[in-house]
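Reader: Hey, could you take me through one part of this structure slowly? I'd like to see what sits on the inside and what surrounds it.

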Amino acid sequence: MSQQPVAFLTRIETFSACHRLHSPHLSDAENLEVFGKCNNLNGHGHNYTVEISVRGPIDQRTGMVLNITELKDAIEEVIMKNLDHKNLDKDVEYFAKTPSTTENLAVYIWNNIRLQLKKPELLYEVKIHETPKNVISYRGPYALNGIYNPINKRIAHDSCTNISSDSD
């Protein structure tokens with residue numbers, strides 16, 4: 001019995017949005033300690049590049065893992081309509097109580113792209129280039145001792161250079 005070939009298909013899109021790194025779960029002093037200048041009351045913006053990848057067997061009839069039009073339409077619905085030229089903290093309900101870090105942005109995109117796909121199990125990775133130097137990859141939730149979504153504390157000092165979400 002021969003094995004079916006498996007391939008990765010990636011679609012790349014860019015969008016612009018602004019945000020403020022601020023957690024409603026922290027005091028103002030804690031937010032300043034954790035996020036530094038990226039906690040600026042007025043926020044700041046990014047030109048994000050997002051790569052959405054699916055992985056699966058190549059269909060023998062169509063020669064495709066997934067029709068690229070389905071992926072393109074999902075990206076249009078989730079990213080371009082809901083995130084492009086938006087203030088993430090004020091215009092996207094998900095971020096009302098969730099800090100708008102790039103990590104959380106990747107989770108938001110992952111969860112919502114899956115809702116748009118006929119075969120959500122094909123979604124392999126959401127990769128976001130926040131800056132030329134900072135890239136976040138998300139491949140879905142995983143269990144750590146039976147607990148999902150472990151929290152990592154990050155500390156900022158005088159700049160965003162040690163914060164993975166907003167360094168230059």
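What follows is a close look at helix 4 and its surroundings.

Author: Sure, and keep in mind that this is a predicted model. Let's begin with the helix itself. Helix 4 covers residues 102-116. Does its length make sense? With 15 residues at 1.5 Å each, helix 4 should span 21 Å, and its end C-alpha atoms are indeed 21 Å apart, so the expected span and the model agree.

Now for the inside. The buried residues of helix 4 are T102, L105, A106, V107, Y108, I109, W110 and I113. Look at the numbers 102, 105, 106, 109 and 113, which are among them. There's a handy rule for that: an α-helix has 3.6 residues a turn, so residues three or four places apart point the same way. What lies over these buried residues? The cover includes strand 1, strand 2 and helix 2, along with helix 3 (88-91), strand 4 and strand 5.

Zoom out a little and you'll find the largest nonpolar core, a set of 32 residues. Inside this core, the residues with the most contacts are F15, I52, I79, L83, L105, I109 and I113. Six elements each supply at least two of the core's residues: strand 1 (6-19), strand 2, helix 2 (68-80), helix 4, strand 4 (123-129) and strand 5 (135-138). Helix 4 gives the largest share, seven residues. As a general picture, nonpolar side chains in soluble globular proteins tend to be buried together.

Let's pick out two residues that touch I109. One is V50, which is in strand 2 (residues 44-57). Its relative accessible area is 1%, and because anything under 20% counts as buried, V50 is buried. Setting aside residues up to four places away in sequence, V50 touches R11, I12, E13 and F15, then I79 and I109, and also V126, K127 and I128. Here's another way to place V50: I136 is 86 residues away from V50 in sequence, but their C-alpha atoms are 9.6 Å apart in space.

The other is I79. Again leaving out neighbours within four places in sequence, I79 is in contact with F15, V50, I52, A74, D84 and I109. So which residues turn up in the contacts of V50 as well as those of I79? F15 and I109 are on the list for V50, and F15 and I109 are on the list for I79 too.

Back at the helix, T102 deserves a second look. The side chain of T102 makes a polar contact with the side chain of E130, at 2.4 Å. Where is E130? You'll find E130 in the loop between strand 4 and strand 5. E130 is buried, with a relative accessible area of 3%.

Strand 4 also has a charged link to follow. R139 forms a salt bridge with E125, with the closest N and O atoms 2.9 Å apart. R139 lies in the loop between strand 5 and strand 6 (143-144), while E125 is in strand 4, so the pair ties together parts that are 14 residues apart in sequence. E125 is buried, at 8% relative accessible area.

That is one of three salt bridges found in the whole structure. Another joins K81 to E77, with the closest N and O atoms 3.2 Å apart. Here K81 is partly exposed at 48% relative accessibility, and E77 is partly exposed at 32%.

How values were computed:
Residues numbered from 1 in each chain as written. Predicted model: local features only at pLDDT ≥ 70, side-chain atom pairs only at ≥ 80, totals over all residues. Heavy atoms only, no water. Helix = DSSP H or I, 4+ residues; strand = E, 2+ residues; numbered from the N terminus. Buried < 20%, exposed > 50% of the residue type's maximum accessible area, 1.4 Å probe, protein only. Contact = heavy atoms within 4.5 Å. Core = buried A, V, L, I, M, F, W, Y, C linked by side-chain atoms within 4.5 Å. Expected span 1.5 Å × (residues − 1). Polar contact = N/O pair within 3.5 Å; in protein donor to acceptor, adjacent residues only side chain to side chain. Salt bridge = Lys/Arg side-chain N within 4 Å of Asp/Glu carboxyl O.
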